[in-house]
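Work through the exercises below with the sequence and the model open. Try each task before reading its solution.

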Amino acid sequence: MLKTGLIREELIFTNLEAKTSQELFSFLGNKLLSLGYVQPTFTEALIDREKEYPTGLALEEFNVAIPHTDPVYIKQPFIAVAKNKNKLPFIHMGTEDHVINIDCFFILGIIDPNGQITLLQTLMERFNTPPFVEKLKSYEGKELFTFLLTSL
């Protein structure tokens, strides 16, 4: 289980209508800024880091992305989860040009670098567990929050 408090109901966003990844990042960055989780430079840093180190991950029937920035842009640790109504194209992790369509985004705001490694390992383990992915696909809103709270 992850450190308590990283996942909060106010950080679960479902049925978003972003047309591009930048639009999604801007929306999430503004929300996180208004809630006091990030620095004003967070969104730009998130976009820049994603260009340099893509975080898209193709699973069997569901694709996720794990965008994050350096700790300097984070005020308070968090995990935000976003599901867009339409899939958004992202570059697959470890490639420079392999585009996949993302279903769900886990935006990480981690201050402790060791904690980030542990968190990424936990997420990768869960993403390789079919029952976890099935619930991630189908749950929305409060149900998704409760599920993640008890599953990570």
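**Exercise 1: a ring pair**

In this predicted model, Phe 127 is buried, with a relative accessible area of 3%. Classify the ring pair that Phe 127 forms with Phe 106, and place both residues in the fold.

Solution.
- Start with burial. Phe 106 has a relative accessible area of 0%, so Phe 106 is buried as well as Phe 127.
- Take the geometry next. The ring centres of Phe 106 and Phe 127 are 5.3 Å apart, and the planes stand at 65°.
- Apply the cut-offs. Centres within 6.5 Å make a pair, and planes over 60 degrees apart count as edge-to-face. The pair is therefore edge-to-face.
- Locate the partners. Phe 106 belongs to strand β5 and Phe 127 to helix α3 (residues 113-127), so the pair ties together parts 21 residues apart in sequence.
- Widen the view. Ring pairs also link Phe 106 and Phe 127 with Phe 132, Tyr 139 and Phe 147 in a cluster.

**Exercise 2: another aromatic pair**

The structure holds nine aromatic pairs. Classify the one between Tyr 37 and Phe 78.

Solution.
- The centres are 5.5 Å apart and the planes are at 70°, so Tyr 37 and Phe 78 are edge-to-face.
- Tyr 37 sits in the loop between α1 and α2, and Phe 78 in strand β4; 41 residues separate them.
- Check accessibility: Tyr 37 has 2% and is buried. Phe 78, at 0%, is buried too.

**Exercise 3: a salt-bridge network**

Seven salt bridges occur in the structure. Which residues does the network around Lys 137 join?

Solution.
- Lys 137 meets Glu 61 in a salt bridge, at 3.4 Å from N to O.
- This bridge links distant parts of the chain: Glu 61 in the loop between β2 and β3, Lys 137 in helix α4, 76 residues apart.
- Lys 137 also meets Glu 134, at 3.8 Å from N to O. These two are three residues apart in helix α4, so about one helical turn separates them.
- Shared partners join Glu 61, Glu 134 and Lys 137 into one network.
- Sort by exposure. Glu 61 is exposed at 58%. Glu 134 is partly exposed at 43%, and Lys 137 is partly exposed at 28%.

**Exercise 4: a bridge between neighbours**

Is each partner of the Glu 125 and Arg 126 salt bridge buried or exposed?

Solution.
- The closest N and O atoms of Glu 125 and Arg 126 are 2.9 Å apart.
- Glu 125 has 52% relative accessibility. Over 50% counts as exposed, so Glu 125 is exposed.
- Arg 126 has 16%. Under 20% means buried, so Arg 126 is buried.

Methods: Residues are numbered from 1 along each chain as its sequence is written. This is a predicted model: local features need pLDDT of at least 70, side-chain atom pairs count only at pLDDT 80 or more; totals for chains, interfaces and linings use all residues. Side-chain values use heavy atoms; hydrogens and water are left out. A salt bridge is a side-chain nitrogen of Lys or Arg within 4 Å of a carboxyl oxygen of Asp or Glu. Helices (H or I, at least four residues) and strands (E, at least two) are DSSP runs, numbered from the N terminus. Buried means under 20% relative accessible area, exposed over 50%, partly exposed in between (1.4 Å probe, protein chains only). Rings of Phe, Tyr and Trp (its six-membered ring) pair if their centres lie within 6.5 Å; planes under 30 degrees apart count as stacked, over 60 as edge-to-face and the rest as tilted.
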